[in-house]
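Colleague: I should be grateful for a close look at one part of this model. Please describe that part in detail and then relate it to the rest of the chain.

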Amino acid sequence: MSTVATPKPPSAPASAASSATVTTVTHPGRRGLDWRIKFAVLSVVWGFSFLFIKLGTDGFAPPYVSFGRMFFGAAVLMAALVIKRQRLPRSPRTWGHLFVAAFLCNAFPFTLFAYAELTIPTTLAGVCNATTPLWGMVLSLVALSEDRPTRRRFAGLGLGFIGVLVVLGAWQGFSGQDPKGTVMALVASMSYALGWIYVRRTLSGTGDGHLALSGGQLLVGAVQLGVAAPLLSPLPSALPVVPLLAVFALGALGTGLAFLLQYGLVAEVGPTTATMTTYLIPVVATAAGVTLLGEDLTWNTPVGALIVLAGAALTQSKGRSGKGRSFRAGRTVAAGDATRGNGAAQS
């Protein structure tokens with residue numbers, strides 16, 4: 001899941017991020033694509049991202065899969081900027097923060113997921129991705145002093161941890177699972193959460209639009225991986241068609257287009273409904289892996305995934321006090337801006 005975190009605009013009050021209020025502007029006589037269709041497409045695109053990663057690594061080393069993802073995703077957002085006649089950020093300080101955000105939200109987790117899927121199935125990668133809200137709660141309690149822990153959220157954290165153990169088959173010694181690949185996928189999910197917190201603390205008042213910041217972030221990430229990939233792995237000696245198409249789909253659809261769909265959803269139906277895609281991503285990833293890649297599916301994977309998602313839902317709950325902030329699976333939704341993702345997206 002790609003993540004492009006978008007901060008609140010400078011005019012929004014500090015409390016706006018916690019309430020995630022969205023003002024929907026209607027245009028008489030203009031009807032776009034129904035939000036339910038956008039919701040379904042977004043869920044499928046993000047869920048299929050894990051399959052695209054797996055197919056991409058059949059022909060390219062993981063760093064090049066991630067580079068292609070960033071390159072094609074950035075290309076989509078650059079085209080959107082041109083069409084909307086918007087410009088990239090100008091402040092060197094903003095670009096400095098985008099450099100860190102691109103690493104934490106995109107370059108690092110994308111590459112880890114690509115390496116992880118060399119040894120773990122897409123079903124497990126999708127479930128690991130769903131732990132991002134759990135990491136977000138743990139990290140936000142440390143880094144964001146305004147977050148208020150509740151019993152319900154702590155219960156969700158414990159429940160999510162139990163779900164991970166069920167998915168991995170802890171009672172049988174994690175047999176059949178590759179520990180290294182699983183750890184990389186979990187660390188990638190944690191990186192999404194850390195990146196979200198970093199963006200929230202550093203890019204909340206730049207004055208730049210969501211599209212400009214997200215486009216800049218993906219552009220910086222593409223440069224980072226363009227430099228790092230040749231250092232991590234030899235240049236590809238061939239361009240096999242199926243892996244190349246998979247990487248293109250991963251970037252153009254799962255990262256670039258997904259961001260545009262997510263932002264449109266938040267503006268139309270609000271962040272709560274839009275971010276419900278989080279709970280469908282592992283379902284789609286599992287279905288794609290089993291039906292299209294022939295991956296094995298044992299009972300503990302779907303059962304554990306349901307437990308993880310239930311725990312994630314509890315960690316986002318504000319409880320009776322209503323003071324807790326919700327971490328929405330790596331997608332920052334603040335004052336009408338949304339991001340992943342797999343921002344734009346996460347996966």
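Modeller: In this predicted model, Arg85 lies in the loop that joins helix H3 (62-84) to helix H4 (92-116). Its backbone deserves attention: the phi of Arg85 is near 60°, a positive value in a residue that is not glycine. Most residues other than glycine have a negative phi. As to its surroundings, Arg85 has a relative accessible area of 79% and is therefore exposed, the cut-off being over 50%.

Helix H3, on one side of this loop, packs against helix H9 (residues 210-232), their axes coming within 8 Å and crossing at roughly 155°. Two packed helices are described by the angle between their axes and the distance between the axes. Because angles over 145 degrees count as roughly antiparallel, H3 and H9 are roughly antiparallel to each other. The crossing of H3 past H9 is left-handed. Sorted by class, the residues of this contact comprise 19 nonpolar, 8 polar and 1 charged.

A second helix pair may be described in the same terms. The axes of helix H2 (residues 35-56) and helix H5 (residues 122-129) come within 9 Å, with a crossing angle of roughly 130°. That angle makes H2 oblique to H5. Here H2 passes H5 in a right-handed crossing. On the side of H2, the residues involved are Phe50, Leu51 and Lys54, and they meet Thr122, Ala125, Gly126 and Asn129 of H5. These residues divide into 3 nonpolar, 3 polar and 1 charged.

The burial of H5 may be set beside the exposure of Arg85. In H5, 8 of the 8 residues are buried, so this helix is largely enclosed by the rest of the structure. The buried residues include those that H5 brings to its contact with H2, namely Thr122, Ala125, Gly126 and Asn129. Thr123, Leu124, Val127 and Cys128 are also among the buried residues of H5. Arg85, by contrast, is exposed.

For the chain as a whole, there are 13 helices and 0 strands. Of its 347 residues, 54% count as buried. The accessible surface comes to about 14,600 Å², and carbon and sulfur atoms account for 67% of that area. The loop that holds Arg85 thus has its place between H3 and H4 in a chain whose elements run α-α-α-α-α-α-α-α-α-α-α-α-α from the N terminus on.

Note on methods
Residues are numbered from 1 along each chain as its sequence is written. This is a predicted model: local features need pLDDT of at least 70, side-chain atom pairs count only at pLDDT 80 or more; totals for chains, interfaces and linings use all residues. Side-chain values use heavy atoms; hydrogens and water are left out. Axes are lines fitted to C-alpha atoms, for helices over the stretch in contact, and angles run from 0 to 180 degrees between N-to-C directions. Helices (H or I, at least four residues) and strands (E, at least two) are DSSP runs, numbered from the N terminus. Angles under 35 degrees count as roughly parallel, over 145 as roughly antiparallel, 65 to 115 as roughly perpendicular and the rest as oblique. A crossing is left-handed if the near helix is turned anticlockwise from the far one by less than a right angle, and right-handed if clockwise. Contact means heavy atoms within 4.5 Å. Ala, Val, Leu, Ile, Met, Phe, Trp, Tyr, Cys and Pro count as nonpolar, Asp, Glu, Lys and Arg as charged, and the others, Gly among them, as polar. Buried means under 20% relative accessible area, exposed over 50%, partly exposed in between (1.4 Å probe, protein chains only). Accessible areas come from the Shrake-Rupley method with a 1.4 Å probe; for residues, only the protein chains shown count as cover.
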